[in-house]
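Subject: Structure for your review

Dear colleague,

Please find below the structure that I am handing over to you. My account of what was found in it follows directly after.

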Amino acid sequence: MEWWTWITYVGVITALIIFPGPVALLCTTHGLRFGRHRAFATVLGGGLASMVLMVLSALGLGAVLATSETAFFVLKLLGGAYLIFLGLQAWLTVPHSPVTEATEPEPASVQSVIGLFRQGFLVGIGNPKDLLFFAALFPNFITIGEPQVLQFAILALTWLVIDTTLMTLYTTLGAGVGHWFDSPRRLRAFHRTTGGLFLGAGGTLIATSASN
């Protein structure tokens, strides 16, 4: 792999990942509600989803998604439906202080971490930005005629480092403003706002998929 190809790849994925999307919003929300350390499970879930999409792209599913409108349409519908589910869940959440949630008993914390990881994975696997990138653009960074496994390892590790770093920044941002949301009124407004954003993102994704 040429060095300029890798540099181009770094620039493209950095711009793609840092632009606020469903996963970034989820990481920020979980950082606020559960704290930076526990919300790291959300980051890992989203990172694993990206790795799965990358592997599937390398195995040829990316070409299928790029050429099959039906397959891509179904995936986008599922992603949109899950975003709507998260939006409704956030909208109906009963406000609890993040400080109170941070003092939950250990068994509840362990279960929450698993849940955070699962939500991060499910949002990441249906993220339209990542789906489009891995289906249509990612294969272009693989140089034909050179060792495929080594190139894939470099690209995967690069994505994982950048994705984990940036999404951790989003969880830190959410955790940093946690004390401001000790007020139930402010926290309710935050849940309604993030819920509305998830609902809007999911609805837009489904609407654009149907119109296309």
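A residue is called buried when its relative accessible area is under 20%. By that criterion, 42% of the 212 residues of the protein count as buried. Please keep in mind throughout that this is a predicted model.

**Overall composition**

The protein contains 10 helices and 0 strands. Followed along the sequence, its pattern reads α-α-α-α-α-α-α-α-α-α. If one takes the contacts between residues at least 6 apart in sequence, 89% of them join residues at least 24 apart.

**Helix H2 on its own**

I would suggest starting with helix H2, which covers residues 22-34. This helix has 13 residues, and the distance from its first C-alpha to its last is 18 Å, close to the 18 Å expected at 1.5 Å a residue. How many of the residues of H2 are buried? The count is 12 of 13, so H2 is mostly covered. Among these buried residues are Pro-22, Val-23, Ala-24, Leu-25 and Leu-26, and the list also includes His-30, Gly-31, Leu-32 and Phe-34. After H2 comes Gly-35, which has a positive phi near 90 degrees.

**H2 against H3**

A general point helps here: the packing of two helices is described by the angle between their axes and the distance between those axes. For H2 and H3, the axes come within 7 Å and cross at roughly 150 degrees. Because angles over 145 degrees count as roughly antiparallel, H2 is roughly antiparallel to H3. The crossing of H2 past H3 is right-handed. On the H2 side, the contact is made by Leu-26, Cys-27, His-30, Gly-31 and Phe-34, and on the H3 side by Arg-36, Arg-38, Ala-39, Thr-42 and Val-43. Sorted by class, this contact of H2 with H3 holds 5 nonpolar, 3 polar and 2 charged residues.

Helix H3 itself comprises residues 36-58. Its 23 residues, at 1.5 Å each, should span 33 Å, and the end C-alpha atoms are indeed 33 Å apart, so the two values agree. Just after H3, Gly-60 adopts a positive phi of about 110 degrees.

**H2 against H9**

H2 also packs with helix H9, residues 148-176; the two axes come within 6 Å and cross at roughly 40 degrees. This angle makes H2 oblique to H9. The crossing of H2 and H9 is right-handed. Which residues meet here? From H2 they are Val-23, Ala-24, Cys-27, Thr-28, Gly-31 and Leu-32, and from H9 they are Met-167, Tyr-170, Thr-171, Gly-174 and Ala-175. The contact of H2 with H9 has 7 nonpolar and 4 polar residues, and no charged ones. Cys-27 and Gly-31 of H2 appear in the contact with H9 and also in the contact with H3.

**H1 against H9**

Helix H1, residues 3-18, packs with H9 at an angle of about 30 degrees, the axes being 10 Å apart. Since angles under 35 degrees count as roughly parallel, H1 and H9 are roughly parallel to each other. The crossing of H1 and H9 is right-handed. The residues of H1 that meet H9 include Trp-6, Tyr-9, Val-10 and Ile-13, while those of H9 include Ile-154, Leu-155, Trp-159 and Leu-166. In the contact of H1 with H9, 14 residues are nonpolar, 2 are polar and 1 is charged. Met-167 and Tyr-170 of H9 take part in the contact with H1 and in the contact with H2.

**Two individual residues**

Leu-116 lies in helix H7, residues 106-125. Is Leu-116 buried or exposed? It is buried, with a relative accessible area of 3%. Apart from its neighbours within four places in sequence, Leu-116 is in contact with His-30, Phe-34, Arg-38, Ala-39, Ala-41 and Thr-42. Leu-116 and Phe-34 are 82 residues apart in sequence, and their C-alpha atoms are 9.3 Å apart in space.

Arg-188 belongs to helix H10, residues 184-211. Its relative accessibility is 37%, so Arg-188 counts as partly exposed. Along the chain, Arg-188 and Leu-92 are 96 residues apart, and their C-alpha atoms are separated by 9.2 Å.

Yours sincerely,

A colleague

Technical notes. Residues numbered from 1 in each chain as written. Predicted model: local features only at pLDDT ≥ 70, side-chain atom pairs only at ≥ 80, totals over all residues. Heavy atoms only, no water. Helix = DSSP H or I, 4+ residues; strand = E, 2+ residues; numbered from the N terminus. Expected span 1.5 Å × (residues − 1). Axes fitted to C-alpha atoms, helices over the stretch in contact; angles between N-to-C directions. Parallel < 35°, antiparallel > 145°, perpendicular 65-115°, else oblique. Left-handed = near helix turned anticlockwise from the far one by under 90°. Contact = heavy atoms within 4.5 Å. Nonpolar A, V, L, I, M, F, W, Y, C, P; charged D, E, K, R; others polar. Buried < 20%, exposed > 50% of the residue type's maximum accessible area, 1.4 Å probe, protein only.
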